[in-house]
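Here's a quick tour for anyone meeting this protein for the first time. Have a look at the picture, then we'll go through it piece by piece.

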Amino acid sequence: MHLATSHAELRATLSTGAVFVPTMGALHEGHASLIRHAAAVHQGPVVVSIFVNPTQFNDPADFARYPKTLDADLDICRRSGATHVYAPTPQDVYPADAPIPVPPLPRVATAPGLEDKLRPGHFAGVCQVVRRLFDLVQPAAALFGEKDWQQLQVLSAMTRETGLPIRIIPGPTIREPDGLAMSSRNRFLTADERPRAASISRALREAASKPTPAAAEAHMRDVIQAAGLEVQYAVVRDAQYLEAPISGRPRRALIAAKLGSVRLIDNAAWPDLA
Ligand code: AMP
């Protein structure tokens, strides 16, 4: 496995047509499953990037404490089938003498009033860094987790709308045994908070059997609030556009909630039982 800390180094060892898994490091089994999936669906190089992108953090404290575990990350990459790891410096991604543009944001980034309303500017930063990484890595395909459902829709739309010849491949959400979606930030939950965090996935599971979106939303709020979490949103939306659900199209239930100092998000298909 090649480790590159600059894009010049990466390009020197990389042919075109790679499959690409962008990450911010602090890797867990969710990332490992994406890397394995990448290696399984695609012939050729499997590139993992590890870069904590400053432009997508709207909270400086969240950026400052974001975990950094490079040695363990490299082990996971190696064991999961990565052929290349690109772990650049900030200067390599954002050179001082060449401003990196923010691509036009697709409607699904802002119109739904979900992540970008609570984290203003977040998707501008995500699109900026992913577009930049796509330009540096020039992959044929890229994998993103369903865990970050709105991000997956935003990046699919950005890739389509800017005409990039890159196939976007979703990977399923990997969970802890009690249902909590794995996340690099879960390590910040206290011993008292950790079991209560499972209320989010329970709320999503139970919402699936409610007869209407409104009933599902009310139930999700109740379950999460009863566990002492602060609900930011608990909604059922169109699965692709994330605006009001339309009968006959796939729908998705999405939750964001705060537990102590940790912000948690999760989502699941919301089946139309009508
Ligand atoms: P991050 O390092 O948090 O930016 O995530 C890098 C990639 O891993 C993104 O495409 C995420 O959606 C994906 N990811 C994060 N957590 C999980 C999980 N629990 N299951 C599957 N994919 C995940």
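## Around the ligand

How far is a nitrogen atom of the ligand from a polar backbone atom of M182? The answer is 2.9 Å. Keep in mind that what you're looking at is a predicted model. The backbone of I174 does something similar: one of its polar atoms sits 2.9 Å from a nitrogen atom of the ligand. With D148 it's the side chain that takes part, putting a polar atom 2.6 Å from an oxygen atom of the ligand. The ligand has 490 Å² of accessible area on its own, and the protein covers 92% of it.

There are 17 residues around the ligand, and the ones that come nearest are M24, G145, D148, I174 and M182. Sorted by kind, the shell has eight nonpolar residues, seven polar ones and two charged ones. Three elements each give two or more residues to that shell: strand β2 (19–23), helix α2 (29–41) and strand β5 (141–145). Of these, α2 gives the most, with three residues.

## The chain as a whole

Now step back and take in the whole thing. The chain holds 12 helices and nine strands. Its C-alpha atoms fill a box of roughly 55 × 40 × 35 Å along the principal axes. Is that what you'd get from a compact globule, or something else? For 274 residues, such a globule would have a radius of gyration near 19 Å, and the chain has 19 Å, so the two agree.

Of the 274 residues, 54% count as buried. Take the contacts in the chain with a separation of 6 or more: residues 24 or more positions apart account for 71% of them. As for the outside, the accessible surface comes to about 11,900 Å², and 55% of that belongs to carbon and sulfur atoms.

## Two neighbours in a loop

F51 and V52 are worth a stop. F51 is in the loop between β3 (46–50) and α3, and V52 is found in that loop too. Is F51 buried or exposed? F51 is buried, because its relative accessible area is 6% and the cut-off for buried is under 20%. V52, with a relative accessible area of 14%, is buried as well.

Leaving aside residues up to four places away in sequence, F51 touches T23, M24, P88, T89, P90, V93, Y94 and V129. On the same terms, V52 is in contact with M24, F57, F63, Y66 and K68. M24 turns up in the contacts of F51 and in those of V52, and M24 is also one of the residues that come nearest the ligand.

For a sense of distance, try two C-alpha pairs. F51 and D178 are 127 residues apart in sequence and 29 Å apart in space. V52 and E193 are 141 residues apart along the chain, with 26 Å between them.

## A charged residue in a helix

Next comes D62, which lies in helix α3 (residues 60–65). D62 counts as buried, at 14% relative accessibility. What does the side chain of D62 join up with through a polar contact of 3.0 Å? The partner is the side chain of R185. Not counting residues up to four places away in sequence, D62 touches F57, R119 and R185. You've met F57 already, as a contact of V52.

## A helix under cover

Helix α11 (residues 199–207) has these buried residues: S199, I200, S201, A203, L204 and A207. What covers them includes α10 (193–196), α12 (213–226), β8 and β9 (262–269).

Some of this follows a general pattern: an α-helix has 3.6 residues a turn, so residues three or four places apart point the same way.

## Two positive phi angles

Last, two residues with a backbone twist to look for. Q138 has a positive phi of about 50° although it is not a glycine, and L242 has one of about 65°, again without being a glycine. Q138 is in the loop between α8 (122–137) and β5, while L242 lies in the loop between β7 (230–238) and β8 (251–259).

How do they sit relative to the surface? Q138 counts as partly exposed, at 41% relative accessibility. L242 is buried, with a relative accessible area of 0%.

Key
Residues are numbered from 1 along each chain as its sequence is written. This is a predicted model: local features need pLDDT of at least 70, side-chain atom pairs count only at pLDDT 80 or more; totals for chains, interfaces and linings use all residues. Side-chain values use heavy atoms; hydrogens and water are left out. A residue is near a molecule or strand if one of its heavy atoms lies within 4 Å of it. A polar contact is a pair of N or O atoms within 3.5 Å; within protein, one must be able to donate a hydrogen and the other to accept it, and residues adjacent in sequence count only if both atoms are side-chain atoms. Accessible areas come from the Shrake-Rupley method with a 1.4 Å probe; for residues, only the protein chains shown count as cover. Helices (H or I, at least four residues) and strands (E, at least two) are DSSP runs, numbered from the N terminus. Ala, Val, Leu, Ile, Met, Phe, Trp, Tyr, Cys and Pro count as nonpolar, Asp, Glu, Lys and Arg as charged, and the others, Gly among them, as polar. The radius of gyration is taken over C-alpha atoms; the globule rule is 2.2 Å times the number of residues to the power 0.38. Buried means under 20% relative accessible area, exposed over 50%, partly exposed in between (1.4 Å probe, protein chains only). Contact means heavy atoms within 4.5 Å.
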